[in-house]
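Me: Please take a close look at a single part of this model, one strand and its pairing, and then set that part in its wider context. I would like the cut-offs stated as you go.

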Amino acid sequence: MLTELSKILNDINNILVPTVCFGCNASLRKGERLLCTVCRNQLPLTDYNFTDENPVDRIFYGRIDIKKANSFLFFTPKGIAKTLIHYLKYKNQQEIGVFLGNWWGEILKEDSTLKEIDYVIPVPLHKHKLRKRGYNQVSAFGKRLAFHLKAHYADDILFKTANTRTQTKKSRLGRWQNHNALFSIVDATVLQHKRVLLIDDVLTTGATLESCARAIKKAEDVTIYIATMAVTI
């Protein structure tokens, strides 16, 4: 009885306050969540995996020793991926992180390469930015990946040492200089002989992830994989 009443109230609520698609603003139909079926099918999936070489790997060649890098979506100046990440990052729509984390997590858990991941670690925000925003935009995404990979989600190992301005308008060299040595780990012994999946939202030049990886590399015999929601093309 309570279940049926809940369904009725939910249907009434959806009529009064329609849930709309983040991609096209059309009202979502029953069974659709965040994106309508059309927009979901139009999401630009990379279809890369953690076994074969891909363009995401090549971003880090000659820069930092990582085991493998991968991204879930292609990020373009205009498109559904950009809209989703914008709402996630600036509009507190954290359910988008859950949505993407569950989707990709279901795929990645079948990848034998990631069977032994010990920690999923997000690129951290500086404590002042975290306090202002109230959340790390990759937190919900990372927690769902960790769940599917049966790994530990750890946002208390890697931290940012300085509060820097946004990097979106900086050159490649400027980003690298600004991010060099901006991250540190609390205790290197925690990550000794561990496999780490380092995650972020959008991969552009790779400067932030490279700096994070260098900090993690202070741990003895640590293996680093990189995963991002999207990569610019």
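Reply: What follows treats one strand, its partners, and then other parts of the chain.

This is a predicted model, in which local features need pLDDT of at least 70 and side-chain atom pairs count only at pLDDT 80 or more, while totals for chains, interfaces and linings use all residues. Residues are numbered from 1 along each chain as its sequence is written, and side-chain values use heavy atoms, with hydrogens and water left out.

The part in question is strand β2, which covers residues 119-122; helices (H or I, at least four residues) and strands (E, at least two) are DSSP runs, numbered from the N terminus. From β2, Y119 and I121 point one way, whereas V120 and P122 point the other way, and all of these residues are buried, where buried means under 20% relative accessible area, exposed means over 50%, and partly exposed lies in between (1.4 Å probe, protein chains only).

Two strands pair if DSSP finds at least two bridges between them. By that criterion β2 pairs in the parallel sense with strand β3 (residues 152-153) over two bridges, and V120 stands opposite Y153 of β3. Strand β6 (residues 195-203) also pairs with β2 in the parallel sense, over four bridges, and here L198 of β6 is the bridge partner of I121.

Turning to the wider chain, its secondary structure comes to nine helices and seven strands, and 45% of its 233 residues count as buried. Helix α9 (residues 207-216) is largely enclosed by the rest of the structure, because nine of its 10 residues are buried; among them are L209, E210, C212 and I216. With contact taken as heavy atoms within 4.5 Å, residues 24 or more positions apart account for 74% of the contacts in the protein chain that have a separation of 6 or more. The accessible surface of the chain comes to about 12900 Å², of which 51% belongs to carbon and sulfur atoms, the areas coming from the Shrake-Rupley method with a 1.4 Å probe and, for residues, with only the protein chains shown counting as cover.

Finally, the cysteines: a search of the whole structure finds zero disulfides, a disulfide being a pair of cysteine sulfur atoms within 2.5 Å. C24 is in no disulfide, and its nearest cysteine sulfur, that of C36, is 3.8 Å away. C39 is likewise in no disulfide, with the sulfur of C36 as its nearest cysteine sulfur at 3.6 Å. C24 counts as partly exposed at 40% relative accessibility, whereas C39 is buried, with a relative accessible area of 4%.
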